[in-house]
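Student: I would like a close look at one part of this model. Please take me through the largest cavity and what lines it, then set that part in its surroundings.

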Number of protein chains: 4
Amino acid sequence: MSDQQRPTFHLPSRRTGQKIALEEAISTHVFNPAISLPPVQRTAELPYVNTSYGADVKDRLTNIEARVAAMDKAGVALTVVSLTMPGIEGIFDPAVAVETARKVNDEIHELYTTGPHASRFRAFGCVPMQDPEAAALEATRCVLELGCVGILVNGFSNIGDADTVQYLDEPQCEPFWAKMEELKVPLYLHPRIPPPGQLGPYKGYEFLGGSPWGFGVETANHAIRLMISGLFDRHPNLTVILGHCGEGIPFSLDRIDHRLRHFQSQLVPCKLRLQEYWERNFVITTAGVKSDATFFDTLRTCGEDRLLWSVDYPYEDYDELGEWFDNLELNENSRAKIGWQNARRILNL
Amino acid sequence: MSDQQRPTFHLPSRRTGQKIALEEAISTHVFNPAISLPPVQRTAELPYVNTSYGADVKDRLTNIEARVAAMDKAGVALTVVSLTMPGIEGIFDPAVAVETARKVNDEIHELYTTGPHASRFRAFGCVPMQDPEAAALEATRCVLELGCVGILVNGFSNIGDADTVQYLDEPQCEPFWAKMEELKVPLYLHPRIPPPGQLGPYKGYEFLGGSPWGFGVETANHAIRLMISGLFDRHPNLTVILGHCGEGIPFSLDRIDHRLRHFQSQLVPCKLRLQEYWERNFVITTAGVKSDATFFDTLRTCGEDRLLWSVDYPYEDYDELGEWFDNLELNENSRAKIGWQNARRILNL
Amino acid sequence: MSDQQRPTFHLPSRRTGQKIALEEAISTHVFNPAISLPPVQRTAELPYVNTSYGADVKDRLTNIEARVAAMDKAGVALTVVSLTMPGIEGIFDPAVAVETARKVNDEIHELYTTGPHASRFRAFGCVPMQDPEAAALEATRCVLELGCVGILVNGFSNIGDADTVQYLDEPQCEPFWAKMEELKVPLYLHPRIPPPGQLGPYKGYEFLGGSPWGFGVETANHAIRLMISGLFDRHPNLTVILGHCGEGIPFSLDRIDHRLRHFQSQLVPCKLRLQEYWERNFVITTAGVKSDATFFDTLRTCGEDRLLWSVDYPYEDYDELGEWFDNLELNENSRAKIGWQNARRILNL
Amino acid sequence: MSDQQRPTFHLPSRRTGQKIALEEAISTHVFNPAISLPPVQRTAELPYVNTSYGADVKDRLTNIEARVAAMDKAGVALTVVSLTMPGIEGIFDPAVAVETARKVNDEIHELYTTGPHASRFRAFGCVPMQDPEAAALEATRCVLELGCVGILVNGFSNIGDADTVQYLDEPQCEPFWAKMEELKVPLYLHPRIPPPGQLGPYKGYEFLGGSPWGFGVETANHAIRLMISGLFDRHPNLTVILGHCGEGIPFSLDRIDHRLRHFQSQLVPCKLRLQEYWERNFVITTAGVKSDATFFDTLRTCGEDRLLWSVDYPYEDYDELGEWFDNLELNENSRAKIGWQNARRILNL
């Protein structure tokens, strides 16, 4: 009997078609960092990647048909799109930021959520955090008028120049957070490349600041700042979404709490252990991850109702990460929750 | 039948007495950062902790009898001591660094490895990385004359002032690494607080730079620099030890390699994927960790021959981490390797 | 500074007081297997245990005050009680079984669920499976009149003698299952010692049949029979509860499905893979388990909405298993679901 | 840019070519259960499988060229072959068993370990356990004269008829075990279908006795008997190999020991907890398993020096299980040990 003649038995394919992805970048005509109008910290999203990969990403940031085809192939029913990094946050001039955010949200609304593929898209709005009151207003418009399912912020915001930055825990951001809690929508805290003045630890290897390592460190720092600042004591109903399986925090969280017990209490304004905010105020996506160990380690720290599959298209591939997830050794109850049910609940889809 | 009368059955205690600990700090009379002679970046090891904890740590950094008693209680047969951070690396003047390293190693030799408790101690030598040729010489003296089982370096070295720093991947460190490979002893890469100029991401929460989070990021950055620099291509037999379950790298390593495939190749000088160096050139300790999930995630990335239990005394407690490890749900074959057998093999004890 | 003077920091206790336990045995006055009236297969529940343990268990099977005190200590808010094995299933004469089940359910109702500690107890009813039609009637009475939250069956039923047994997949049980589906309450499938004629594999070590190993094998066999028989194709809304982290099935389920693809299809009447019934029709408790590895392996096969903490009192100890669970390294979202929220949902509490 | 034109990056294939497989069945001309000479309990190895699968298996049990080709494709450097179940153990007449074992071992020696593909094969010898003294002699001949790397026994042995069986813990087997300890080679305890008289629990679904579930239960029972009997107290240096990730024992071992503390001590002759024998006297293979969860659960109970990859060809597929193992998310240090290094050490290859 030849190898070709051998009887086989194919178990049914595990690919599912209901997945929802929510760390998925687009670029717009009114604001395209790659062509540097208006002025932002960096003129290209991915300064360190090789040419062919960069060209492919650039095309796919605006190619809606290619995106829908890729979603079809990978079994992705719905994508929540958002403006790619550095986003509005990278604009130096607050007034330009306010105006640009408005235009970007309108374009996304037109092209994606009311466009020819409207059934396949939802959006996270962008906001001009350089002017927190204006950000609160724009968030309100996004959610109530444009149907956005949340707001996505690309880390710190530039205020005036490349190295003057504002983190979301700073007091002036308070009106924005109050509005977010009132609107009952999550904020997705997305990475961006650290400012030039903070690339010192990478001296000689500055590309690490724009690699998943640097992104993770920068974004985890930001999330830890939010927790320690007492933000979630003032606004206990806020939800912050982190990608990339929580940016490394799950691995270190127990040790951080274990050590902070010895720190001077006036340095640590928050009232609870960080683990408690983690479990209550954060929701995690798997964007960019295809490691089983990282996935299960993250799952153990937050539970299956607060972990959501995602991709990070077009930087990552819908199909590569979709196939990994569809075949991950996991019961179908948990897979459905992580794959799409949690997103439906948390984003009110 | 009262509760006191109920029959019970006690399974035999799981506490073992053969453990070896190897991220264990001491302070010396000839160099005590707490009293600021010679001048170093910071005048206290732990600027952010509360008073009673700080006083306790300060006492135990030099109290040999208390240490031995704590080892006895926790079932620790042997401790490998090393000079506490910032260590020699924090000295601004290279000539002072050279002289101080020599004095410190002599004092450790006298008080610990040939002292009244000599059977309970081994030492990692310290070296003046500010002068790499001198560091190579001192490493040789440590290993061949003083019986040191390896060298411990507290991260970057100051060169002249607080913010001018040198990482171990810089070209001038090459003679030191060549000697380390020749001596066939490991280098323990220990954390220290980032330089003042690199605390920007922690603005308002500078203590994070001296918390386990900041330590982990700083030390992981340093280890990733070593891998990317090509150091382990030039010296494939080097062994670098990282504490704290690998400083977060196990959680993110798969993703880093997954992404670096898209980076411009001239930016990434190393020849192999980082995972390959991780598995071949790194050895990990559990110092400071008492999370099962972190432990098992780390174990999965390196295997049970390259993971070693440790404590981080006196910052951590021998008994608290010893009890956690002794009772960790793990077969005794693996426990013995991680608890002491690996240390015996890797340190030639 | 003496060891007693050292500063310490106690993290808040992790003990919770809301837990619900649901594989918890009692004995009754109207039917007490220990004193052999009416005649059952075995005259003692635990023929192989040592004397002091056996006496303790015997006392606690009926000592309600001791049980409530143990619940208080362990943080158990509510216990679902059920008649201890072999239960009604061990009665040889079907008519006696019918009558005894009724008396037992009435006594449980009087002493537990409407007694002085009524707020702390719910009950699983017992049924005379020797007469499936009567079992359906008694199940109805239990649920609709006595407020039982489900039915518990101790494995196979004796029909006439010690070695003639009936499994729940046999055709005559169909009316009972139809009623269970209609009543929308779960059936807890509890272990019992295999019949004498099936102790052959344990020859010389017959006690293994009454050990957790023998119990697990017997009960897993029974559950696999239910799946293969097609029961859950006919009654897709049934819920069967298994204790002891699923009686070993989670470890082997993937391999069973992997191999059954090669079996003659007429031998395997069920329509789906066993994994699909496992995920849809089974709910698992941790009764008797205090192994982290077993817990997490089970969790991975069913998801956190279908795993429930339990004890197996008085054979096991509320506090020993409660302390294990309260301190298990797990996020509090999952712990609350597994500890009590799932029980509230599944049992309509 | 079309989908075909998109730049891709292929990480190097993870397939390795050094694997060793050791639960790999063959049939011989002098003893072929499929054609029932000499008389054995069952006339076919796999009475319940579908026709095309059965025919394929039957061919491949003797087709050496097909086996070598399959090994090549799957990256298997070496296979340790053994006579398929029920093997010599299924022969009713002890004298025939003695004679047949000798002939089978000679044929395996001629066709496999000194044949044209001798560099690709080693063998486990078979022995006539129906006559333990003769089994000790044949084991000696296998190891010292034929170069066998161990002995494989298919569970219980028939003594005279189908239902009279002998387990390996029975006193008359003592001379065989003493010889095994002296020869310093492992015994592979392989499953077989339980005797007809023990299929009662499967009544109506007898095929379960010949499914992975029934095999696992039967073989785990046997292994537990060995532990409890005190065999490993008398012969502490014995090594017993179990396939299928330990036949379910890893999942339940903690609970068995936890409960046996309450059993009458005279019933349990062994001196240690079962976990201690498990860690010292057992070696586990993954034969037949391709579940990550089962793999890691098993690994945690025995450590990476006592777990060995295997297949169970021709019942399983070299390539299917090889691909699973080669791509299992695991560091390469552990993979090499489990894939081939442990086999080399334990079998003295």
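Tutor: What follows starts at the cavity and works outward to the chains and some local details.

Keep in mind throughout that this is a predicted model.

The largest cavity has a volume of about 900 Å³. Its lining is made up of 42 residues. Nearest the centre lie A:Phe296, A:Arg300, C:Phe296, C:Arg300 and D:Arg300. By class, the lining residues comprise 16 nonpolar, eleven polar and 15 charged.

Which helices supply at least two residues each to this lining? Helix H10 (292-302) does so in chain A, in chain B, in chain C and in chain D.

Next comes the stretch that follows H10. In chain C, the loop between H10 and strand S10 (307-308) holds C:Asp305. Leave aside the neighbours of C:Asp305 within four places in sequence. Its contacts are then C:Lys337, C:Asn342, C:Arg345 and C:Ile346, together with A:Glu304 and A:Lys337 from chain A. Contact here means heavy atoms within 4.5 Å. C:Glu206 is 99 residues from C:Asp305 in sequence, and the two C-alpha atoms are 37 Å apart in space.

Beyond strand S10 (307-308) of chain A, the loop leading to helix H11 (318-327) contains A:Asp312. The phi of A:Asp312 is positive, at about 95 degrees, although this residue is not a glycine.

Now the wider record. An unreviewed UniProt entry annotates residues 59-349 of chain A as "domain: Amidohydrolase-related". Over those residues chain A is 46% helix and 11% strand. The C-alpha atoms at the two ends of the range are 29 Å apart.

Turn to the pairing of chains A and B. Chain A superposes on chain B after a rotation of 180 degrees, with 0.0 Å of shift along the axis and an RMSD of 0.0 Å. That is the relation of a two-fold axis. Both copies use the same surface: 100% of the contact residues of chain A recur in chain B. In numbers, 62 residues of chain A are in contact with 62 residues of chain B. The two chains bury about 5800 Å² between them, and carbon and sulfur atoms give 58% of that area. Three residues stand out on the chain A side. A:Trp213, A:Phe251 and A:Arg255 supply 15% of the area that chain A buries against chain B, more than any other three residues.

Finally, look at the backbone between strand S2 and helix H3. Where do the cis peptide bonds of C:Pro86 and D:Pro86 sit? C:Met85 and C:Pro86 are joined by a cis peptide bond, with omega about 0 degrees. C:Pro86 belongs to the loop between strand S2 (76-83) and helix H3 (94-113) of chain C. In chain D, a cis peptide bond joins D:Met85 and D:Pro86, again with omega about 0 degrees. D:Pro86 is in the loop between strand S2 (76-83) and helix H3 (94-113) of chain D.

Notes. Residues numbered from 1 in each chain as written. Chains lettered and ligands numbered in written order. Predicted model: local features only at pLDDT ≥ 70, side-chain atom pairs only at ≥ 80, totals over all residues. Heavy atoms only, no water. Least-squares fit on C-alpha atoms with pLDDT ≥ 70 in both. UniProt positions renumbered as here; feature names shortened; annotations may be inferred. Helix = DSSP H or I, 4+ residues; strand = E, 2+ residues; numbered from the N terminus. 1 Å grid on protein atoms, 1.4 Å probe; cavity = no way out; pocket = protein on both sides within 12 Å on 5 of 7 lines; lining within 4 Å. Points joined across faces, edges and corners; volume = space filled by probe spheres on them. Nonpolar A, V, L, I, M, F, W, Y, C, P; charged D, E, K, R; others polar. Buried area = accessible area lost by both parts, 1.4 Å probe.
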